[in-house]
Amino acid sequence: MSSTNFAAAQQRVLERRRERETEAQSRVAEQQRTSVINHSAVQRLPYPLNTLPQSGFSLWNAIKGREGTRPAFRVGQVDAELLDEELLGLLKGQVGDAFKYFGPHLRDDWSNEIQFFLRAILFKLSIWDHDASYGAALQSLKYVDSRSKGPVHSSPTRLQKTFYGLLTVGGRYAWDKWENWLITQEGGYEDPSQEVRSLSRLTGFLSTTHSIASFFSFLVFLVNGRYRTLVDRLLRMRLTPPSAQASREVSFEYLNRQLVWHAFTEFLLFLLPLVGISRWRRWVSRAWRKTMSAIRTSSSDDEHTSDEKQGELSFLPERTCAICYKATNDIASETEVLAASSGGGGIIGSAQTDITNPYETVPCGCVYCFVCIVQKLEGEEGEGWVCLRCGELVKKCKPWNGDVLEETTRPSSSGKIVGFAVDEDDTHGVGLEQVHQNADDGR
């Protein structure tokens, strides 16, 4: 750009700036002229009425005015309070889970004391030490003393922070204990006394008044963005950004990530049934089992016969369901199972792994529980399931036609035979004969 064009552009910018200043001055003059006319009309009213508009205008100007304030983040201040409450709830849940081992009623009986203790710790570590709660620090805000004048606000005094802790920590604890005491007095089997009823009505009135005052204070906060709560308004403490260069934009990056992840998961839920990932997974698993079985077969000794079972759990007894055993035990190899069961007299079934409602597979004829084998076959969707006992491919099953054989106990041939001998001579021979006869009967 040449110097002539640059000078002409600067001249146009100055002309537009002068036009805007002229329009602003004329608008202010028109407002002053209108206010003077209204003021003169108000002054002609009687005494009680001529002061009301002035007080009303001054109150409205105090509410909407922003003298000496920086840009206020209303959303950030409200989010800071919500984050503080969420943090308190998380800590309370963790402490409650820790105390449940000392008794199930301890968490409920000492709920107010736990909240008081947590609030006191959070207040000391956040507002008292760093002039900002954890939620405010996450929103890049900190408490300042709004009574200070000038471009740079000072930090809250120790007196302000002391009263803030007494009201937000001790005041809440005392109010909760007071309400719980009233509920206990009114919830008994006997009718509460007149004093308790009066205190209950007074408590309800104070609670309603506080709620209404908090509501109007929040409406004023939405207008000027100064004081978020009643406590902040009473103590003249407000949240402001620590730097004048802070951005007023609200970051929605976390929300964008959540939306992207949600859309991605919905796309996967739509795509996976079409791809048939379960079928590919079964194919890979079956190929892996066949490969491992071939490796084990090639490395086994030559003395193994061809009709020997080559399944993964072929060493289990017949009465044990291999599917139930695999689901309830982490031991997979025969050596480990034998080593684990050596102290108990061999591999024996249990109530959890014994076969119930037996069904046999086709064509190998291995026996499993009905529920177990049906679930395995249905999960393979007709492609077949590898038997855990013999390693064959199973696609069907049928009821087991066998019967349970119980071992018959044979009488023991060895045993002690007791004979009775008589001291008299005439009966001594009879006693020995009876002993020998009993011994012959035992054999």
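Axes here are lines fitted to C-alpha atoms, for helices over the stretch in contact, and the angles between their N-to-C directions run from 0 to 180 degrees. With that in hand, welcome to a few close-up views of this predicted model.

**Figure 1. The whole protein, to get our bearings.** Before zooming in, here is the full chain of 443 residues, of which 22% count as buried. The protein has 16 helices and 7 strands. Among contacts between residues at least 6 apart in sequence, 62% join residues at least 24 apart.

**Figure 2. Helix 4 meets helix 9.** Helix 4 covers residues 74-99 and helix 9 covers residues 194-224; their axes are 9 Å apart and make an angle of about 140°. Helix 4 is therefore oblique to helix 9. On the helix 4 side, look for Arg74, Gln77 and Val78, which meet Phe218, Phe221, Leu222, Val223 and Asn224 of helix 9. Sorted by class, this contact holds 5 nonpolar, 2 polar and 1 charged residues.

**Figure 3. Helix 6 beside helix 8.** Here helix 6 (residues 111-130) packs with helix 8 (residues 158-186) at an angle of about 170°, and 10 Å separates their axes. Angles over 145 degrees count as roughly antiparallel, so that is the description that fits helix 6 and helix 8. The residues of this contact divide into 8 nonpolar, 7 polar and 7 charged.

**Figure 4. Aromatic rings in company.** A search of the whole structure turns up 10 aromatic pairs. One of them joins Phe215 and Phe216 edge-to-face, with 5.6 Å from centre to centre and 70° between the planes. Phe215 is partly exposed, at a relative accessible area of 49%. Elsewhere in this view, ring pairs link Phe123, Trp128, Tyr143 and Tyr164 into a cluster. Trp128 has another partner to spot: Lys161 lies over the face of its ring, 5.3 Å from the ring centre.

**Figure 5. Leu141 and its surroundings.** Our last stop is Leu141, in the loop between helix 7 (134-138) and strand 1 (142-145). Is this loop residue buried or exposed? Leu141 has a relative accessible area of 3%, and since buried means under 20%, Leu141 is buried. Leaving aside residues up to four places away in sequence, Leu141 touches Phe73, Gly76, Gln77, Ala132, Ala136, Leu239, Thr240, Pro241 and Pro242. You may recognise Gln77 from Figure 2, where it takes part in the contact of helix 4 with helix 9. The C-alpha atom of Leu141 is 9.3 Å from that of Asp131, which is 10 residues away along the chain.

How values were computed:
Residues numbered from 1 in each chain as written. Predicted model: local features only at pLDDT ≥ 70, side-chain atom pairs only at ≥ 80, totals over all residues. Heavy atoms only, no water. Helix = DSSP H or I, 4+ residues; strand = E, 2+ residues; numbered from the N terminus. Parallel < 35°, antiparallel > 145°, perpendicular 65-115°, else oblique. Contact = heavy atoms within 4.5 Å. Nonpolar A, V, L, I, M, F, W, Y, C, P; charged D, E, K, R; others polar. Phe/Tyr/Trp six-rings, centres within 6.5 Å; stacked < 30°, edge-to-face > 60°. Buried < 20%, exposed > 50% of the residue type's maximum accessible area, 1.4 Å probe, protein only. Lys NZ or Arg CZ within 6 Å of the ring centre and 35° of its normal.
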